[in-house]
Amino acid sequence: MASSEIYKKNLSVLEKRFPDFAKIVDSSIPMGTIALNKRGEITITAMGEFFFNQHSPVYEAEKRVEHFQKRSPDLLVVIGFSPLYHLAALQKTFCGKKICVYEPMPGLAKTVLSSVDCSEILEDP
């Protein structure tokens with residue numbers, strides 16, 4: 001799927017669920033760079049820094065979420081949308097719990113939404 005198709009699909013879901021944020025993201029200038037590591041996992045750099053471990057971001061996200069498994073929160077508040085590995089791990093671990101995401105860099109979200117099909121995660125109530 002081409003990046004413009006991926007972005008349109010993601011934006012469509014975002015517009016239905018979070019119309020105000022969709023407008024902010026759509027009007028933002030893309031920020032950061034997406035690359036694949038040796039395992040084919042997406043890595044993101046912005047402002048010269050990697051978001052998550054560049055060698056094993058999925059593993060790092062899962063390990064971070066393990067820390068919270070002993071708790072049973074009704075609401076999870078997450079700062080940062082990208083690169084979604086942590087959100088996928090949270091959804092898997094805390095199935096049925098509410099997850100609220102605050103993204104302080106909408107341009108970074110636009111880069112991710114242009115590169116990765118996030119529709120399944122975005123559609124999850």
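**Notes on a predicted model, starting from T111**

1. Let's begin with one residue: T111 counts as buried, at 9% relative accessibility. The cut-off for that label is under 20%, so 9% qualifies. This threonine is found in helix 5. Leaving aside residues up to four places away in sequence, T111 touches P30, M31, G32 and I34. Keep in mind as you read on that this is a predicted model.

2. Now for a residue with the opposite label. Where is G48? Its place is in the loop between strand 2 and strand 3, the latter covering 49–51. Is G48 buried or exposed? With a relative accessible area of 71%, G48 is exposed, because the label "exposed" asks for over 50%. Try finding G96 as well: G48 and G96 are 48 residues apart in sequence, and their C-alpha atoms lie 36 Å apart in space.

3. Time to zoom out. The protein has six helices and five strands, and from the N terminus on they follow the order α-α-β-β-β-α-β-α-β-α-α. The radius of gyration is 14 Å, close to the 14 Å that the globule rule gives for 125 residues, so the protein is as compact as a globular protein of that length. If you'd like box dimensions, the C-alpha trace spans about 40 × 35 × 25 Å along its principal axes.

4. How much of the chain is tucked away? Buried residues make up 39% of the 125 residues. As for the outside, the accessible surface comes to about 7800 Å², and 55% of that belongs to carbon and sulfur atoms. Contacts are worth a look too: among those with a separation of 6 or more, 56% are between residues 24 or more positions apart.

5. Next, the inside. The largest nonpolar core has 28 residues, and F81 and L113 touch the most other members. Which elements supply at least two residues each to this core? They are helix 1 (3–17), helix 2 (19–26), strand 2 (42–46), helix 3 (57–66), strand 4 (75–79), helix 4 (85–93) and helix 5 (106–115). For F81, the list of touching residues is H86, L87, V101, E103, A109, V112, L113 and L122, again not counting residues up to four places away in sequence. So you'll find L113 on the list for F81, too.

6. Helix 1 has two helix partners to check. With helix 5, the axes come within 6 Å and cross at roughly 115 degrees. On the helix 1 side of this contact are S3, I6, Y7, N10 and L14, and they meet K110, L113, S114 and S115 in helix 5. These residues divide into four nonpolar, four polar and one charged.

7. The other partner is helix 2. Helix 1 and helix 2 pack at an angle of about 145 degrees, with their axes 6 Å apart. Here Y7, L11, L14, E15, K16 and R17 of helix 1 meet P19, F21, A22, V25 and D26 of helix 2. What's the mix this time? Seven of these residues are nonpolar, none polar and four charged. Notice that Y7 and L14 turn up in the contact with helix 2 and also in the one with helix 5.

8. Last stop, helix 4. Its buried residues are Y85, H86, L87, A89, L90 and Q91. What covers them includes strand 2, helix 3, strand 4, strand 5 (98–102) and helix 6 (119–123). Two of those buried residues, H86 and L87, are among the ones that F81 touches.

Note on methods. Residues are numbered from 1 along each chain as its sequence is written. This is a predicted model: local features need pLDDT of at least 70, side-chain atom pairs count only at pLDDT 80 or more; totals for chains, interfaces and linings use all residues. Side-chain values use heavy atoms; hydrogens and water are left out. A nonpolar core is a set of buried Ala, Val, Leu, Ile, Met, Phe, Trp, Tyr and Cys residues joined through side-chain atoms within 4.5 Å. Buried means under 20% relative accessible area, exposed over 50%, partly exposed in between (1.4 Å probe, protein chains only). Helices (H or I, at least four residues) and strands (E, at least two) are DSSP runs, numbered from the N terminus. Contact means heavy atoms within 4.5 Å. Axes are lines fitted to C-alpha atoms, for helices over the stretch in contact, and angles run from 0 to 180 degrees between N-to-C directions. Ala, Val, Leu, Ile, Met, Phe, Trp, Tyr, Cys and Pro count as nonpolar, Asp, Glu, Lys and Arg as charged, and the others, Gly among them, as polar. The radius of gyration is taken over C-alpha atoms; the globule rule is 2.2 Å times the number of residues to the power 0.38. Accessible areas come from the Shrake-Rupley method with a 1.4 Å probe; for residues, only the protein chains shown count as cover.
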